Amino acid sequence: MFFKKFRENREARSLCRIMLEAAPLACSLRDIQNNILDCNKEALRIFGLSKKSELVDRFSDLNPEFQSDGRLSREKAAELLREVLERGYLRFNWLYRTLSGDPLPVELTLVRVPMKNTYYIAAYSRDLRETLANLKEIRDADERTRLMLDATPLACSLWDEQGALLDCNSAALKMFGLSNEEEYVKHIEKLSPPFQSDGMSSMKKMEHLDTVAFTEGFAQFEWMHRTLSGEPLPVETTLVRVPWKGAYAMATYSRDLRADRIAREMEVQARAAQAASESKSRFLASMSHEIRTPMNAIIGMSDLMRTDNLDITQKEYFEDIKKMSRALLQIINDILDFSKIEAGKMDISPVHFNLHALYDNICSMSRFTAASKELDFRSHFDDAVPQVLYGDDIRFRQIIVNIVNNAIKYTREGFVDFRVSKITEDEQEYIAFIVKDSGIGIKKEDFSKIFGSFKQLDSELNRGILGTGLGLSITKKLVDMMKGKIKLESVYGQGSEFTVLLPCIPGDPALIEKTESTDFAVSAENALVLVVDDNQINLKVALAFLAQHNIKADSAANGLGALRMVQQKNYDIVFMDHMMPGMDGVEATKRIRAMEEDRFKALPIIALSANAVTGASETFINAGMNDFISKPIDPNALNRALLKWLPSEKVTVIPKPADHHSAAAAPQGTVILNKFTGLEKALGDEDFYKQLLTTFRSEHGSDAEKLQNAVGRGDRKLAHRIAHTLKSSAALIGADIVSQAAALIEKAMGEGGPGCPPEELQELEVSLKDTLEELDVLISTNTVPADSAAGTSSIGTSDTVRALALAETLIPLMERANTGSLTYTKEIREVFPPLEGKTESLISEIENFEFKAALGILLEIRDWLKNSG
């Protein structure tokens with residue numbers, strides 16, 4: 001009997017254990033001190049434990065210090081334990097934490113259990129994490145629904161079958177000019193006029209539409225409401241029947257049609273603006289071509305023309321023509337830039353570039369321009385500014401040149417100060433370009449106008465100053481495009497200060513693009529070249545430029561002529577004008593590309609056009625052309641195009657020779673003053689180059705002595721500044737030896753430099769002295785650099801010595817195929833003896849642009865002259 005009873009008790013305990021372990025609740029047995037005595041597997045699971053001993057030993061760690069209501073867990077647990085011992089049963093929410101520290105909210109039920117003359121506590125915990133997450137999701141869903149309802153641009157409202165307002169969104173209140181739902185209900189009858197636009201009563205028509213919607217489930221119509229203030233409010237309304245609490249409700253969606261009317265008006269205005277823009281673009285394209293075509297002839301012929309046989313007055317007139325031509329070209333370029341920006345087709349093309357070199361170049365040119373007006377030009381490049389930046393160097397240059405030139409232009413006396421520094425503004429690093437002047441200043445009431453288009457302020461005070469008034473407008477638009485800022489401070493009558501802030505993005509010196517070299521010339525005497533242009537002057541200019549490359553090109557007057565000629569001869573390259581009568585260049589190119597032979601599809605066709613407006617290049621490329629050169633022709637652009645597109649076997653690359661006169665004067669063949677480089681940097685303007693030489697003489701003639709004194713006194717900063725300025729100024733006029741010597745001293749006297757040894761100062765002193773001597777000769781004798789297509793004066797005698805001098809003058813011109821030799825034909829006939837027709841043959845070859853053949857004859861004549869002498 002005893003064993004039977006024992007077995008039944010054991011089986012009962014086993015069954016209880018099974019039920020306990022299978023329970024979905026976390027169950028535990030505790031003593032009256034709240035110590036864990038036993039638990040089931042679910043209790044271990046929710047706490048992240050693996051065995052009971054962990055729960056027994058670490059139970060206190062599984063309770064956070066504070067509960068959700070802010071009470072200490074220890075104090076609150078003691079209070080609840082006392083309560084359950086008194087009452088026998090208690091249910092409440094409790095916050096545990098898992099072994100990993102994650103919050104564990106539970107619904108905890110405590111039951112007092114009597115056992116062995118004492119009490120125990122049975123605890124049942126239901127994990128609330130999933131329940132709370134579901135509740136949060138429901139609340140979030142309700143909030144999202146409300147947000148979507150309020151964010152919709154439609155006026156939404158919900159009405160029951162009796163016409164009572166259940167809810168509405170903020171758009172409905174806003175559309176009617178209401179502040180809350182109470183106002184909506186209160187003024188509902190005022191929000192529609194008595195009659196609709198078809199004459200029906202608003203009340204009767206709405207009752208009919210409600211019936212349709214409740215019957216068919218849907219209705220859509222236009223309706224005339226009015227706002228609370230009485231303003232007409234046309235809407236498009238949609239009624240939708242929706243289930244609601246065992247019945248139906250009506251959801252209404254109304255779209256405000258006032259915006260549609262505005263949109264239609266805006267569309268009409270936009271079409272008109274688009275038509276005006278297209279008309280302006282056509283006008284600019286036409287005017288660009290019409291103005292640049294004669295300019296191409298003026299500038300091209302000016303560059304090819306000799307001037308040494310003109311008297312002083314005539315030469316001044318001629319140089320004025322060249323200067324005004326370039327001024328007119330700049331005005332056209334400003335207008336075209338403005339057009340590109342307005343059309344949104346001005347691109348920003350960032351590259352890695354040397355900001356310090358750009359600064360040096362601008363300072364050198366500006367310093368001489370300022371000196372011509374007797375202005376003091378000051379400049380400073382802060383050491384904190386990175387020397388290499390990543391950005392659009394062309395736009396950087398355009399912006400800086402515009403504000404510096406503007407300051408020089410409007411300053412009659414005093415100074416122009418140009419500084420470059422790095423600043424931080426609004427947590428963004430910028431490069432600050434600051435230009436301050438002592439000019440005429442700007443009135444405060446004109447500040448808002450200064451960046452306007454075609455604006456030139458104070459026309460009376462600025463009478464005689466040329467310009468379109470587009471410079472600062474273009475600058476402002478470019479700065480905006482580059483995400484920069486431009487600021488102005490000015491006191492009328494005392495001067496102005498412009499500050500341009502452009503984003504500081506440091507660049508990589510290793511990724512600086514190398515500028516295409518211009519120290520070479522392409523010669524291609526066997527190349528077959530066709531130039532197509534209806535303007536005879538343009539043809540003459542283009543043929544003359546090509547003749548400098550030993551190319552005797554064919555010509556055609558229009559597209560039809562070009563079609564005939566490309567079929568008759570296998571040309572290596574075709575230069576095609578755009579606007580021509582009969583058949584223009586675009587149509588001619590398309591027809592050439594459509595020809596059957598493969599050679600026509602590969603034939604390089606280069607657009608040679610005065611049409612330089614926005615999209616012109618894309619038009620030419622899309623038509624099948626390979627490249628584009630804008631008129632007036634840039635010799636360097638032509639040089640690069642020939643090298644790029646002509647067959648390599650027909651091209652010879654010839655280094656540009658140094659100035660022969662300079663070489664003759666320098667010891668061991670060293671060029672002291674490279675007049676070719678100097679003239680090129682002076683934009684080919686001989687008078688301007690001579691002005692640069694004069695200014696260099698006055699500003700830097702005593703720099704060697706100044707450097708000696710500064711180094712002797714230990715004034716490194718002054719020595720560094722003098723060397724830096726001399727370096728850039730000397731490079732500008734072609735004094736390369738002086739520039740290199742100054743660069744060495746600049747580096748030596750810079751921060752962390754070793755100091756300047758005496759031999760470097762001595763080298764600079766000697767090279768500067770030699771340069772100044774040659775410079776003085778040029779200034780005093782009015783000698784024009786040989787590379788500018790000039791020569792010696794007309795001789796008028798067949799004296800052998802004079803004839804040899806003329807031959808030596810002509811040889812370098814022939815070597816470079818320089819068309820300036822055309823101006824010597826009269827002197828050749830007067831000075832050279834007939835030599836059995838050789839002299840006349842020489843003249844004939846020159847006039848036919850056969851410079852290689854002419855050079856051969858000239859060398860024969862020179863040899864004869866030497867032997868006869």
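**Asking why the labels fit**

Q: What makes up the lining of the second largest cavity: nonpolar, polar or charged residues?
A: A mix: 9 nonpolar, 2 polar and 1 charged. This is a predicted model, and the residues in question are A26, C27, S28, R30, I36, A43, F47, L55, F59, Y96, A123 and S125. Arg counts as charged, so R30 takes that label. Ser isn't on the nonpolar or charged lists, so S28 and S125 go down as polar.

Q: How do you know which element gives the largest share of that lining?
A: By its residue count: β1 supplies 4 residues. Two or more residues come from each of β1 (26-30), α2 (41-47) and β5 (118-127).

Q: Why is the second largest cavity called a cavity, and what is its volume?
A: The name fits because a 1.4 Å probe fits inside but cannot get out. The space in there comes to about 70 Å³, and the whole structure has 4 cavities of 30 Å³ or more.

Q: What makes the second largest pocket a pocket and not a cavity?
A: A pocket is an open set of points, whereas a cavity is one the probe cannot leave, so the two get separate names. The second largest pocket holds about 1100 Å³. Its lining has 33 residues, and H380, K717, H720, R721 and H724 are the closest to its centre.

Q: What kinds of residues line the second largest pocket, and which element gives the most?
A: There are 14 charged, 10 nonpolar and 9 polar residues in the lining. K717 and R721 are on the charged side, because Lys and Arg count as charged. Helix α24 gives the most, with 8 residues. Among the other elements supplying at least two are α11 (355-372), β12 (376-381) and α22 (686-700).

Q: How do you know whether E374 is buried or exposed?
A: E374 has a relative accessible area of 72%. The cut-off for exposed is over 50%, so E374 passes and is called exposed. E374 sits in the loop between α11 and β12, and has a positive phi of about 60° although it isn't a glycine.

Q: And D426, buried or exposed?
A: Here the relative accessible area is 64%, also over 50%, so D426 is exposed. D426 lies in the loop between β14 (415-425) and β15 (428-437). Phi of D426 is near 55°, a positive value in a residue other than glycine.

Q: Why are β19 and β21 called paired strands?
A: Pairing takes at least two bridges, and these strands have 4, so they qualify. The two run parallel, and V529 has I573 as its bridge partner in β21.

Q: How do you know that β21 and β22 pair?
A: They share 3 bridges, which meets the minimum of two, so this is a pair as well. It is parallel too, with A607 in β22 as the bridge partner of M576.

Q: What makes both faces of β21 count as covered?
A: I573 and F575 on one side are buried, and so are V574 and M576 on the other. Buried stands for under 20% relative accessible area.

Q: Which residues touch the most other members of the largest nonpolar core?
A: L355, F396, F418 and F433 do, out of 39 residues. Helix α12 (393-409) gives the most to this core, with 7 residues. In soluble globular proteins, nonpolar side chains tend to be buried together.

Methods. Residues are numbered from 1 along each chain as its sequence is written. This is a predicted model: local features need pLDDT of at least 70, side-chain atom pairs count only at pLDDT 80 or more; totals for chains, interfaces and linings use all residues. Side-chain values use heavy atoms; hydrogens and water are left out. Buried means under 20% relative accessible area, exposed over 50%, partly exposed in between (1.4 Å probe, protein chains only). A nonpolar core is a set of buried Ala, Val, Leu, Ile, Met, Phe, Trp, Tyr and Cys residues joined through side-chain atoms within 4.5 Å. On a 1 Å grid over the protein atoms alone, a cavity is a set of points where a 1.4 Å probe fits but cannot get out, and a pocket is an open set with protein on both sides within 12 Å along at least five of seven lines; lining residues have an atom within 4 Å of a point. Grid points are joined across faces, edges and corners, and a volume is the space filled by probe spheres set on the points.
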